[in-house]
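Visitor: Good morning. I would like to go through a protein structure with you, one short question at a time.
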Amino acid sequence: MVFIPEGKEIHREGALMRCPNGQAASSEEEATVLHKRYISEQFDRLPAVKKESFMSLCCTAPNSFDPSDPSKPTTHGIFQSNSVRLSGRDRLDGAVFPTFCRCNHSCRPNVRHQWRPDLQVLVLIAVSDIRAGEELYVTYNGGEWGDSSDCSTEVRREYLMEHFGFHCMCPLCKEGDNDAGGILADAVRAGLAIEGGGG
Ligand SMILES: C[S@@+](CC[C@H](N)C(=O)[O-])C[C@H]1O[C@@H](n2cnc3c(N)ncnc32)[C@H](O)[C@@H]1O
């Protein structure tokens, strides 16, 4: 079977759009206005094909749709929904990437990403053997909870809901659901047995 071995570089790509995370401003409101304006100006400068690629990305951040047309995502909303913080000398910037931003999160990812400031590219590397057809998962929390096996499904989901606004359905969390279902089923069976035995 075809597979990508652990440690192999899978892909590298440059940013579709990049923006400083913090801008000199006298208030949070002003910083948001500047951020939105910066993104809008960057978007206007993109060639048509990159505009299309950017606008096709998911839009899930709060308040990310145009108030005058709630079906239309804003450029700021798309940036907020997809941006990843860069590292090294570029650590003050966030950026959106055409392929990386298509990857879903897993609490047990099979891919890690590394920003290369020297080359100005994001590199995706397999962290386990990946079989043909297997989904590529990255982690959105930047290793915040270390080894996710130390942390319960509930705690990880709470964190992801609070910071990223979704209920995690990654394979590890689904395993947690099955375990919980199993425990519940055992408890119900035990209860029935006790009830049955006591009657
Ligand atoms: C950057 S997008 C990821 C790519 C997106 N699924 C797409 O098709 O373009 C992030 C959004 O994907 C969804 N998502 C990513 N990982 C998820 C997971 N483990 N469980 C549930 N939803 C997830 C959430 O809606 C999240 O806000």
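Visitor: To start with, what percentage of the residues of the protein count as buried?
Guide: This is a predicted model, and 21% of the 199 residues of the protein count as buried.

Visitor: How many helices and strands does the protein have?
Guide: There are five helices and 12 strands in the protein.

Visitor: And what share of the contacts with a separation of 6 or more comes from residues 24 or more positions apart?
Guide: Such residues make up 60% of those contacts.

Visitor: Let us take a helix. Why is helix α3 largely enclosed by the rest of the structure?
Guide: Helix α3 covers residues 75–82, and seven of its eight residues are buried, so the rest of the structure largely encloses the helix.

Visitor: Which residues of α3 are buried?
Guide: The buried residues in α3 are Thr75, His76, Gly77, Ile78, Phe79, Gln80 and Asn82.

Visitor: What do they pack against?
Guide: The buried residues of α3 pack against two helices, α1 (28–45) and α2 (48–55), and against the strands β3 (17–20), β4 (65–66), β5 (69–73) and β7 (93–96).

Visitor: Now the largest nonpolar core. Which of its 24 residues touch the most other members?
Guide: Those residues are Ala15, Leu16, Met17, Phe54, Ala95, Val96 and Phe97. At least two residues of this core come from each of α3, β7, β9 (111–116) and β10 (121–126).

Visitor: What is Phe97 in contact with, leaving aside its neighbours within four places in sequence?
Guide: Phe97 is then in contact with Glu13, Ala15, Leu16 and Leu122.

Visitor: You mentioned β7. What is the strand order in the open sheet with β3, β7 and β6?
Guide: The order in this open sheet of three strands is β3-β7-β6, and the pairing is antiparallel. Strands β3 and β6 (84–85) stand at the edges with a single partner strand each, so each has one side without a neighbour in the sheet.

Visitor: How many bridges are there between β3 and β7?
Guide: Strands β3 and β7 pair over four bridges, in the antiparallel sense. As an example, Pro20 has Asp93 of β7 as its bridge partner.

Visitor: And over how many bridges do β6 and β7 pair?
Guide: Strands β6 and β7 pair over two bridges, again antiparallel. Val84 has Ala95 in β7 as its bridge partner, and Arg85 has Gly94 in β7. Ala95 is also among the core residues that touch the most other members.

Visitor: What about the open sheet with β2, β10 and β9: what is its strand order?
Guide: That sheet of three strands has the order β2-β10-β9, with antiparallel pairing. Its edges are β2 (9–13) and β9, each with a single partner strand, so one side of each lacks a neighbour in the sheet. From one strand to the next, the twist averages 20°.

Visitor: How many bridges hold the pairs in that sheet?
Guide: Strands β2 and β10 pair over four bridges, while six bridges join β9 to β10. His11 has Leu124 in β10 as its bridge partner, and Arg116 has Val121 in β10.

Visitor: Which side chains of β9 point to the buried face?
Guide: Side chains alternate along β9: Val111, His113 and Trp115 point to one face and are buried, whereas Arg112, Gln114 and Arg116 point to the other and are not buried.

Visitor: Where is Gln120?
Guide: Gln120 lies in the loop between β9 and β10. The hairpin of these strands has four residues between them, and Gln120 takes a positive phi near 60° there.

Visitor: Why does a positive phi deserve a mention?
Guide: Most residues other than glycine have a negative phi. Gln120 has a positive phi although it is not a glycine.

Visitor: Why does Gln120 count as partly exposed?
Guide: Gln120 counts as partly exposed because 13 C-beta neighbours lie inside 10 Å.

Visitor: Is Ser152 buried or exposed?
Guide: Ser152 counts as exposed, because it has 12 C-beta neighbours inside 10 Å. Ser152 sits in the loop between β12 (137–138) and α4 (153–164).

Visitor: Last topic, the ligand. Which residues come nearest to the ligand?
Guide: Of the 14 residues around the ligand, the nearest are Thr60, Asn104, His105, Met169 and Cys170.

Visitor: What does the shell around the ligand have by class?
Guide: The shell has eight nonpolar, five polar and one charged residues.

Notes. Residues are numbered from 1 along each chain as its sequence is written. This is a predicted model: local features need pLDDT of at least 70, side-chain atom pairs count only at pLDDT 80 or more; totals for chains, interfaces and linings use all residues. A residue is near a molecule or strand if its C-beta atom, placed from the backbone, lies within 6 Å of it. Ala, Val, Leu, Ile, Met, Phe, Trp, Tyr, Cys and Pro count as nonpolar, Asp, Glu, Lys and Arg as charged, and the others, Gly among them, as polar. A residue is buried if 20 or more other C-beta atoms lie within 10 Å of its own, exposed if 12 or fewer, and partly exposed in between; C-beta atoms are placed from the backbone. Two residues are in contact if their C-beta atoms, placed from the backbone, lie within 7 Å. A nonpolar core is a set of buried Ala, Val, Leu, Ile, Met, Phe, Trp, Tyr and Cys residues joined through C-beta atoms within 7 Å. Two strands pair if DSSP finds at least two bridges between them. Axes are lines fitted to C-alpha atoms, for helices over the stretch in contact, and angles run from 0 to 180 degrees between N-to-C directions.
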